[in-house]
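Q: Please take a close look at one hairpin in this model. Then show me how it fits into the rest of the chain.

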Amino acid sequence: MSDVAFRTVGCRVEYDRQPVLHGIDLEVASGEVLAVLGANGSGKSTLVKALLGLVPLASGRVEVHGRPLRAFRDWSRIGYVPQRLNVGGGVPATVREVVAAGRVSVAKYGWFSSRAERAAVHRALDRVGLADRAADAVHELSGGQQQRVLIARALAAEPDTFVMDEPMAGVDAASQAALAGTVSELASRGSTVVVVLHELGPLAPVIRRSIVLAEGRIAHDGRAPEPVGDCARPGHDHVHPHAGPPARTGLPLAPVPGGGEEDGLR
Ligand SMILES: Nc1ncnc2c1ncn2[C@@H]1O[C@H](COP(=O)(O)OP(=O)(O)OP(=O)(O)O)[C@@H](O)[C@H]1O
């Protein structure tokens, strides 16, 4: 088995012919917990979608667990938590149904009603602290709890590789703590986690490596940058003023070999 969960080589993505990722080279080792940070619009979501083949590459390549994306088949190893969406929608789905949907890739015929399946769904919900809400309609849950349902859906097939796009966004403190506990547990089990964040927040103790994207390039790759300025204030009211230039993120950016400074990030 390869020890590299994700590798991108010269990964370039364009929307309407406008480059959004400019040739990203990245390796994420198996078992690594990597935060993807950066200003709004810097390309974080696009990068994690590219890792999973959810956006087409203009050039470059992506490998997942040692295989080119096109040849990768083992999708039950991957748990994806997309950026916040309304998991309930207009449909009165129960929490159990949403989480069970995460098991389609691994389940066998007659799966939904089987005891083993219900147990797997229960385990996933238990890990995010929502086992007692299985029968409730998703739309009755708070935004943070809905986010935890999405995480449980990703956990349900018991994958070893997770890609989470801003799981903490708009999430109440209790749910943030629950999510941080879940990610910490995944890390201690040796799972790979790539997580898009606006700030490290409660995940800071788990994150060993961060990349900071700026205008579609990796501007920092290494230890998590220490917050400075307002972001360093305990309990600061983070209103994500990230629409401005990257320097306003409060993240001091270390020089990166072969790049970074030309982005005018200092
Ligand atoms: N489907 C799309 N079509 C056209 N442009 C897009 C599309 N998706 C994203 N973009 C643009 O690509 C750039 C990068 O977007 P992306 O969502 O990857 O950034 P991000 O760093 O995740 O931002 P945020 O923190 O706001 O989620 C932005 O300028 C965005 O407007």
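**The hairpin and its surroundings**

A: In the hairpin of β9 and β10, two residues lie between the strands, and E215 takes a positive phi near 50°. Residue numbers start from 1 along each chain as its sequence is written. The model is predicted: local features need pLDDT of at least 70, side-chain atom pairs count only at pLDDT 80 or more, and totals for chains, interfaces and linings use all residues.

Two terms come first. Helices (H or I, at least four residues) and strands (E, at least two) are DSSP runs, numbered from the N terminus. Two strands pair if DSSP finds at least two bridges between them.

β9 and β10 pair in the antiparallel sense, over five bridges. Within this pair, S210 stands opposite G222 of β10. As background, strands of a sheet pair through backbone hydrogen bonds, either parallel or antiparallel.

**The sheet around the hairpin**

The hairpin belongs to an open sheet of six strands, in the order β6-β7-β8-β3-β9-β10 and with mixed pairing. β6 (78-81) and β10 (217-222) are the edge strands, each pairing on one side only. On average, neighbouring strands of this sheet are turned by 15° against each other, direction ignored. Such angles use axes fitted as lines to C-alpha atoms, for helices over the stretch in contact, and run from 0 to 180 degrees between N-to-C directions.

What happens at β6? β6 and β7 (residues 161-165) pair in the parallel sense over four bridges. There, G79 has F162 of β7 as its bridge partner.

Helix α1 (residues 44-51) packs on this sheet and touches β3 (33-38), β7, β8 (192-196) and β9 (209-214). The direction of α1 makes about 150° with that of β8. Helix α5 (residues 173-188) also packs on the sheet, touching β3, β7 and β8. The direction of α5 makes about 145° with that of β8. Contact means that the C-beta atoms of two residues, placed from the backbone, lie within 7 Å.

**From the sheet to the ligand**

G38 is found in strand β3. G38 counts as buried because 27 C-beta neighbours sit inside 10 Å. The cut-offs for that word: buried needs 20 or more other C-beta atoms within 10 Å, exposed 12 or fewer, and partly exposed lies in between, with C-beta atoms placed from the backbone. The C-alpha atoms of G38 and I218 are 9.2 Å apart, with their positions 180 residues apart along the chain.

G38 also belongs to the ligand shell: Y15, D16, V20, G38, N40, G41, S42, G43, K44, S45 and T46 surround the ligand. A residue joins such a shell if its C-beta atom, placed from the backbone, lies within 6 Å of the molecule. α1 gives the most to this shell, with three residues. By type, the shell has two nonpolar, seven polar and two charged residues. Here Ala, Val, Leu, Ile, Met, Phe, Trp, Tyr, Cys and Pro count as nonpolar, Asp, Glu, Lys and Arg as charged, and the others, Gly among them, as polar.

D16 has a backbone feature of its own. It is not a glycine, yet its phi is positive, at about 50°. D16 lies in the loop between β1 and β2. D16 is exposed, because 5 other C-beta atoms lie within 10 Å. E158, also not a glycine, has a positive phi of about 55°. E158 is found in the loop between α4 (143-155) and β7. With 15 C-beta neighbours inside 10 Å, E158 counts as partly exposed.

**The other sheet**

Four strands form an open sheet, ordered β2-β1-β4-β5, with antiparallel pairing. β2 (18-29) and β5 (67-68) stand at the edges with a single partner strand each, so one side of each has no neighbour in the sheet. β1 (residues 4-15) and β2 pair in the antiparallel sense over nine bridges. In that pair, V28 of β2 is the bridge partner of F6.

**The whole chain, and how far to trust it**

The chain holds five helices and 10 strands. Of its 266 residues, 41% are buried. Among contacts with a separation of 6 or more, 70% join residues 24 or more positions apart.

The model scores ipTM 0.97 and pTM 0.81. The chain averages a pLDDT of 81, and 77% of the residues score at least 70. Over residues 230-266 the pLDDT is below 50, and this stretch has 60 contacts in the model beyond near neighbours in sequence. pLDDT is the predictor's confidence in each residue, from 0 to 100. Where pLDDT is low, the predicted coordinates should not be read in detail.
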